Amino acid sequence: MTEVETVVERVFRESYSVVLATISRLCRDIDLAEEAVQDALAQALLDWPERGVPDNPPGWISTVARRKAIDRIRRRENLARKHQVLAGYQAAERSEEMTDLAETTGLSDDRLEMIFACCHPALDSEKQIALTLRTVGGLSTAEIARAFLVAEPTMAQRLVRAKGKIRDAGIPFKVPEGHELVDRISEVLSVIYLIFNEGYFASSSDDLVREDLAAKAIELGDVLVELMPDESEVHALNALMLFQHSRRKARRDAAGDLVLLKEQDRSMWDTEMIERGMAALRTARNITEPGFYLLQAEIAAHHTAGPAATDWKAIAGLYDRLISRHPSPVAKLNRAVAIGEAYGATAALDAVERLRDELDGYHAFHTARGHFLSRVGRVGGAAAEYRRAIELVENDAERRHLESRLRVLAAD
């Protein structure tokens with residue numbers, strides 16, 4: 001690889017999402033912006049070997065991409081339809097910020113506007129996730145398709161529809177204001193956490209963990225921290241993801257099978273990541289009262305202690321606070337597990353049983369009930385619950401873990 005190719009690759013890796021966001025904001029068309037950025041990268045490979053690499057390669061790419069986008073609009077649209085769009089471009093070109101990015105040391109960062117556009121409520125959750133990974137995360141269509149176990153043409157169509165929706169519905173590339181901002185931040189955080197959870201615990205795969213997908217969610221969280229440093233829940237989500245991802249190497253055994261939290265080799269935990277999580281948690285605490293992600297981060301922080309030092313009563317109390325503000329059956333199930341650790345299996349079974357109507361089709365409900373039934377000596381009932389969980393679970397690694405539990409019960 002030549003020196004120029006190395007620089008272009010680095011610009012693509014480190015600055016693609018920033019440049020794409022800038023061009024998308026200007027032309028209100030992600031498809032067109034992607035084409036323009038690709039054109040600019042190709043132009044760099046032609047120009048830089050002869051003219052030398054500019055002092056600010058990302059700024060050069062952004063300037064050229066903006067001009068490429070204008071050229072594409074001129075080719076695509078007739079004069080009457082392009083007039084308004086081009087007027088916006090011309091105003092942007094006259095602005096001090098965008099006059100000549102090739103000669104400046106900085107680059108306008110419009111990723112926050114891009115994130116809010118990708119996570120707009122007009123798009124369903126599936127499209128929000130895919131588009132955020134594509135435009136802000138910089139993943140290719142093929143990478144996103146592999147991450148969510150769909151064919152690449154299928155994912156390509158989802159992305160085309162999502163970008164078309166943004167263009168045709170006139171979804172704005174801007175940060176909302178007032179009460180709308182609070183609601184929309186929740187949507188953005190939810191999308192990033194959904195991406196992380198799919199990486200942390202793959203819903204339907206032979207692999208238990210998809211480290212690259214979880215790491216990409218953390219990168220997106222870092223972007224939000226950079227762009228929204230005064231939002232407590234942004235720091236809290238980052239802390240939560242860091243705490244959970246710190247255990248990634250200990251969550252699987254040599255065969256790739258699940259290792260429960262209390263059985264993990266904690267020397268394999270990433271202490272640097274835990275320290276980063278603690279710093280993010282302290283920042284979140286100092287900004288405002290606990291919210292949805294801050295309470296979950298507090299729970300995850302308790303789990304960083306050794307098994308004997310884990311304060312399960314405090315964890316159960318945190319779940320009480322979480323459920324009082326954000327009730328959900330899964331949170332109640334997690335609370336029941338904490339109750340079992342703090343107060344015993346009988347108390348846990350009572351709490352779990354109250355969730356049957358809501359969670360009977362959820363494998364983790366039957367796993368938890370089987371665990372606590374086995375602890376009180378009801379082996380037959382526990383085996384039945386594990387068999388039901390095996391029927392419902394989609395992840396192969398987790399299925400193997402449940403089958404091993406069933407074998408242990410049969411041997412007792």
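The following legends describe close-up views of three residues, Glu385, Ala156 and His235, in a predicted model.

**Figure 1. Surroundings of Glu385 in helix H19.** Helix H19 spans residues 379–392 and includes Glu385. Glu385 has a relative accessibility of 9% and therefore counts as buried, the cut-off for this class being under 20%. The side chain of Glu385 is joined to that of His366 by a polar contact of 2.6 Å. When neighbours within four places in sequence are set aside, the residues in contact with Glu385 are Arg356, His366, Arg369, Gly370 and Leu373. His366 thus appears both in this contact list and as the partner in the polar contact.

**Figure 2. Ala156 in helix H8 and its spacing from Ala142.** Ala156 belongs to helix H8, which covers residues 152–168. The relative accessible area of Ala156 is 28%, so this residue is classed as partly exposed; that class lies between the 20% limit for buried and the 50% limit for exposed residues. From C-alpha to C-alpha, Ala156 and Ala142 are separated by 8.4 Å in space, and by 14 residues in sequence.

**Figure 3. Surroundings of His235 in helix H11.** His235 is located in helix H11, formed by residues 232–245. Because its relative accessibility is 8%, His235 counts as buried. Apart from neighbours within four places in sequence, His235 is in contact with Val225, Pro229, Ala280, Thr283, Ala284 and Ile287.

How values were computed:
Residues numbered from 1 in each chain as written. Predicted model: local features only at pLDDT ≥ 70, side-chain atom pairs only at ≥ 80, totals over all residues. Heavy atoms only, no water. Helix = DSSP H or I, 4+ residues; strand = E, 2+ residues; numbered from the N terminus. Buried < 20%, exposed > 50% of the residue type's maximum accessible area, 1.4 Å probe, protein only. Polar contact = N/O pair within 3.5 Å; in protein donor to acceptor, adjacent residues only side chain to side chain. Contact = heavy atoms within 4.5 Å.
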